[in-house]
Amino acid sequence: MKILILGSGGREYSIARAISNEKEEHELFFQPGNGATSALGTNLNIKDYNDLAAFAKENQIELTIVGPEAPLVDGVVNIFKSNGLTIFGPSKEAAQLEGSKVYMKNFLAKYNIPTAKYIETSSIEDAFKFTDTLSAPIVVKADGLCGGKGVIIAQNHDEAKVAISEMLSGKSFGDAGLKVIVEEFLDGYELSMFAVCDGNDYILLPAAQDHKRLLNNDEGPNTGGMGAYAPTPLVDEVLYQKVRDRVIRPTLDGMQKENAPFEGVLFIGIMVVNGEPITLEFNVRFGDPECEILMPLMTSSVSDMFYKASTSRLSEIKVEFSKQFAVGVVMASGNYPYSSSTPAEIIVDESHHDEINDFTHISYAGVSEEDGVLYADGGRVLVCVGLGDSIKQARDRAYLRCGQVHFAGKKIRTDIAYQAL
């Protein structure tokens, strides 16, 4: 197939890498891609979605896969579908599940999907009043898209009120914070679950755990994610079934009632409290770095899963996963997540170690390429992925690979998967 992938991060690289490893020959295009995706296919520079749809038609692109949330919220799926193109991802209407946290929380309440007690408001007075009814810590969320950073966990009431004030004044997140959600803090453990959906049917992938904080022991500021592992032993079949019955099924049925059938990836942030799954949030795309560890675990065709989901035919296929575990460790640039960093040359040592060659790989994200040399451009630069028969073996291999990658200012956590180990 000719396949177009929208996005530029490690998530999009890992999807492309999995498709490139299939038996069939596929021709890949990226908009915009990154410095490493050009080794897997052709990078495009077509920013306007109508022009991109015209390119896809002209070049007989058979499937488009949307990686990040912004194009989905902007309605790229609607534009492609109106041009008769096959595209994987939710419509603009369905993407509100991520595009507006207020829409999402109200949807959860309407369809009786378990979630934390909350208020959504643009009134500082109402927000403060509700804050006083909660015990600390207190969760404060900006309504709109904030690149995974619009959630503050305030340790006391004063901190919560400062966060509310800064969001509602536009100081923290601009327009994205002009409506806020204040909600109770749930004490449990967090999971990332992903359901690939076609509007009616869905396939639930193995549960993962992400590590959001910058530093070891979950300290430091929130980031887009510093590492992840899957599948997590913290989930058994009973918990999976509760998520299917209480979260995914009512969401798909509810979105049909809202005239916005959900197609694409439903990313469910779950907090497990005393064995019960509570929905923290929805995203409408794969998590990053979770995608980087789920893709190499798939043993059935990745492209076929995306294609069947895009054409309402998921019931025709069985998605299969290896019995292995995967651990991904993010390498970030020196100033992440505070500010941009100076580009730095990436040097990857040549490996003569079978374990590294056979059971690890790199998914590239924030990189550019010049004369065959890759440069770390800032942000999250790449993910070192290790596979193994146990989480410990997968983690040890991921860190072996980390030891072979060098660039000025590189920053990693050394405790990824500690919850499981």
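# A briefing on strands, rings and cysteines

Phe 194 has its place in strand E10, and that residue is a good spot to begin a tour of this predicted model. From Phe 194 we will go on to other aromatic rings, then to two groups of paired strands, and finally to a pair of cysteines and a glutamate.

**Phe 194 and its surroundings**

- Is Phe 194 buried or exposed? Phe 194 is buried, and its relative accessible area is 0%.
- Leaving out residues up to four places away in sequence, Phe 194 touches a list of residues that includes Ile 203, Leu 204, Leu 205, Val 265, Leu 266 and Phe 267. Arg 285, Phe 286, Gly 287, Glu 290 and Leu 294 are also among the residues it touches.
- One of these contacts, Glu 290, lies 96 residues from Phe 194 in sequence, while the C-alpha to C-alpha separation in space is 9.4 Å.

**Aromatic rings**

- How many aromatic pairs does the structure hold? There are 7 aromatic pairs in the structure.
- One of them joins Tyr 13 and Tyr 364 in an edge-to-face arrangement, with 5.7 Å from centre to centre and 80 degrees between the planes. Tyr 13 belongs to helix H1 (residues 10–20) and Tyr 364 to strand E21, so to speak of distant parts of the chain is fair: the two are 351 residues apart.- Both tyrosines of this pair, Tyr 13 and Tyr 364, are buried.
- Phe 194 and Phe 286 make a tilted pair, 5.7 Å from centre to centre and with 40 degrees between the planes. Phe 194 is in strand E10 (residues 189–198), whereas Phe 286 is in the loop between strand E17 (276–283) and helix H10 (290–294), so their pairing ties together parts 92 residues apart in sequence.
- Phe 286 counts as buried, at 3% relative accessibility.
- Ring pairs also build a cluster, whose members are Phe 88, Phe 194, Phe 267, Phe 286 and Phe 306.

**Charges over rings**

- Lys 161 places its charged end over the ring of Phe 128, 5.4 Å from the ring centre.
- Arg 397 lies over the face of Phe 359, and here the distance to the ring centre is 3.9 Å.

**An open sheet with a helix packed on it**

- In what order do the strands of the open sheet come? The 5 strands follow the order E12-E15-E18-E24-E21, with antiparallel pairing.
- Strand E12 (209–210) and strand E21 (360–364) are the edge strands, each pairing on one side only.
- Inside this order, strand E15 (residues 227–230) and strand E18 (residues 325–332) are joined by 4 bridges in the antiparallel sense. You can find one of these bridges between Ala 230 and Ala 326, which is in E18.
- Helix H13 (residues 391–402) packs on the sheet and touches E15, E18, E21 and strand E24 (380–388). The direction of H13 makes about 140 degrees with that of E24.

**Strand E7 and its partners**

- Why is strand E7 (residues 138–142) described as largely enclosed by the rest of the structure? The reason is that 5 of its 5 residues are buried.
- In a regular strand, side chains alternate between the two faces of the sheet. In E7, Ile 138, Val 140 and Ala 142 point one way, Val 139 and Lys 141 point the other way, and all are buried.
- E7 runs antiparallel to strand E8 (residues 151–154), with 4 bridges joining them. Across from Val 139 stands Ile 153 of E8.
- E7 also pairs with strand E9 (residues 180–184), again in the antiparallel sense, over 5 bridges. Here Lys 141 has Ile 181 of E9 as its bridge partner.

**Two cysteines without a disulfide**

- A disulfide is a covalent bond between the sulfur atoms of two cysteines. The structure holds 0 disulfides.
- Cys 384 is in no disulfide, and the nearest cysteine sulfur, that of Cys 402, is 3.8 Å away.
- Why is there no bond between the sulfurs of Cys 402 and Cys 384? At 3.8 Å, they are too far apart for one, because a disulfide needs its two sulfur atoms within 2.5 Å.
- Cys 384 is buried at 0% relative accessible area, and Cys 402 is buried at 3%.

**Glu 12 in helix H1**

- Glu 12 has its place in helix H1.
- Glu 12 is buried, with a relative accessible area of 2%.
- Which residues is Glu 12 in contact with, leaving aside neighbours within four places in sequence? They are Ile 5, Leu 6, Gly 7, Phe 30, Gly 67 and Pro 68.

Terms used: Residues are numbered from 1 along each chain as its sequence is written. This is a predicted model: local features need pLDDT of at least 70, side-chain atom pairs count only at pLDDT 80 or more; totals for chains, interfaces and linings use all residues. Side-chain values use heavy atoms; hydrogens and water are left out. Two strands pair if DSSP finds at least two bridges between them. Contact means heavy atoms within 4.5 Å. Axes are lines fitted to C-alpha atoms, for helices over the stretch in contact, and angles run from 0 to 180 degrees between N-to-C directions. Buried means under 20% relative accessible area, exposed over 50%, partly exposed in between (1.4 Å probe, protein chains only). Rings of Phe, Tyr and Trp (its six-membered ring) pair if their centres lie within 6.5 Å; planes under 30 degrees apart count as stacked, over 60 as edge-to-face and the rest as tilted. A charge sits over a ring if NZ of Lys or CZ of Arg is within 6 Å of the ring centre and within 35 degrees of the ring normal.
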